[in-house]
Amino acid sequence: MATLTLPSAHSMNTVYPINIPTPTSSEYYTKTINLKESAGSYLAEATMLVYDEILRYQRGVEFTHGLDEDQLAKFDYDAFEANVKWFMDEIVGIESEWKKDALNPESGAYGYVQFLNQASVQTAVNRYRYHIEKFNTRRSGAGYTRTQAVNEWFPPIKTDTYDLYISDIPDVKALPATNFSMSPDLAVGEVGLTGARRLSTSIHKGIETEKFYEYSFVKDSTGITASWTMSNITYGTSPGSFEAEEYFFFGIHMTDHQAGQIQYAYDNENWDDFEKLGFVYSFFDPSSDYSVGDRWEGSNYDDSLVKLVDGQWTYPAYTKSISVEASGILPAETEIVSFPAKPLLTASTNRDWNPRGYSDGSRMEYPDWLITLERKVNNSLLGTVMDPGDYDHERDLAVLNYDEMVALAFVHMHSKDSKDYNFVQLAKGDVAAAKEIYSKNHHTNIDAKTLARMELFFQIH
């Protein structure tokens, strides 16, 4: 938990009373009944959660309800924190007159902020967990950059002499090529053939090594089908012992230029390029077992499919089509190969402010009181047995102190249905914004009596 630091001086509302109470006064800020407890570090952390989520969504997803970058730049945290204390004190006053065990006998609402029932508490604790999860994704070093996400989905090829990443594919596709051409005007069913092979052997200190390289191209009216192979076999000193490294690459619907690149690498003995072209141009089929590692899904990569959606990197499911031309023996055939969507990865964000106690990138932990309450209101599976939670509305809320209760209530009011604009205005001590947050995101069913009471509260002090 972060250490509570008092905000610096701002023009803001303050928690009251400020005057010496008088027995005849009925105004809120001179009531003789008033709060005996103080907000502490949990409300401070709840304030951080809401403040951080507003910045994350408004700057990272979209501006809503008239907010813009200029207003966010002026959204001062210290002023927000101070006015949240005032705001929650007003709510506790109007809801329970600062009584910890206040109970509405008609509705069953209980406690400082009059949570209505188990369902309302369940929503609050789940929303609190959501805010902590989002807060932690924005900590220093958390999440994935776009490049990191791509490399997670399409792990690079790593050998003794080179690494091949998705970012290297443009360089591989730009490798030089011979002026390759064969049978440019083939009719359906006609094929052209070409290929080459090379075997070299060497012996060093009694260790024999064989290196074998081969390519072959078959061309028809749909393009070139290519296969190219490289293998290194090192024989041991004992009879029959050897170590082998072998890649067999297979490409379909290739162009003359691509075939020329393979031929160029072969002719110039650029064996690393010979392999890289294999990984980039070979067809990858997820249903096949490429245990020897001579296929790479990076060959299917499409940069346009990488999207950032609500703070998460996505790469959707996709398909590849394989067409085989009729040969006179076999009919033409098209096979559709399906690839599943990649797992969602939380995007890395640069936090645009320094929350006290978390500027070093540390995680905000789930408070023990939240975990306990969460277990009680949410049914949970313990081994093979469903724990019903055993929630008792009065008993379990009575365990929370003022700081914990108002922290839970404040985060509960910030949801997809609330307006971030109102919370930004709250930082300025805006009474109208405070009333709207309360009436639409906490009380929700405002009647004439409650409206009248609101006029005694939410005053500028």
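**A tour from helix α3 to a three-stranded sheet**

Begin by selecting residues 77–96, helix α3, in this predicted model: at 1.5 Å a residue its 20 residues should span 28 Å, and because the end C-alpha atoms are 28 Å apart, the expected and modelled lengths agree. With the surrounding residues displayed as well, note that 20 of the 20 residues of α3 are buried, so the helix is largely enclosed by the rest of the structure.

Next, look at the two ends of this helix. At its start, show the side chain of D76, one of whose oxygens comes to within 3.1 Å of the backbone nitrogen of D78; just after α3, select E97, where phi is positive, at about 55°.

Move on to the open sheet, whose three strands are arranged in the order β7-β8-β11 with antiparallel pairing. The edge positions belong to β7 (307–309) and β11 (345–346), and because each has a single partner strand, one side of each is left without a neighbour in the sheet. Strand β8 (residues 312–314) is joined to β11 by two bridges, and selecting W313 shows it opposite L345 of β11. Now add helix α5 (residues 146–153), which packs on the sheet, touching β8 and β11, with its direction at about 45° to that of β8.

Finally, colour the chain by pLDDT, for which the mean is 79, with 77% of residues at 70 or more. Residues 1–11 fall below 50, although the model gives this stretch 27 contacts beyond near neighbours in sequence, and residues 326–330 also stay under 50, with three contacts beyond four places in sequence. Where pLDDT is low, the predicted coordinates should not be read in detail.

Note on methods. Residues numbered from 1 in each chain as written. Predicted model: local features only at pLDDT ≥ 70, side-chain atom pairs only at ≥ 80, totals over all residues. Heavy atoms only, no water. pLDDT = per-residue confidence, 0-100. Contact = heavy atoms within 4.5 Å. Helix = DSSP H or I, 4+ residues; strand = E, 2+ residues; numbered from the N terminus. Expected span 1.5 Å × (residues − 1). Buried < 20%, exposed > 50% of the residue type's maximum accessible area, 1.4 Å probe, protein only. Polar contact = N/O pair within 3.5 Å; in protein donor to acceptor, adjacent residues only side chain to side chain. Pairing = 2+ DSSP bridges. Axes fitted to C-alpha atoms, helices over the stretch in contact; angles between N-to-C directions.
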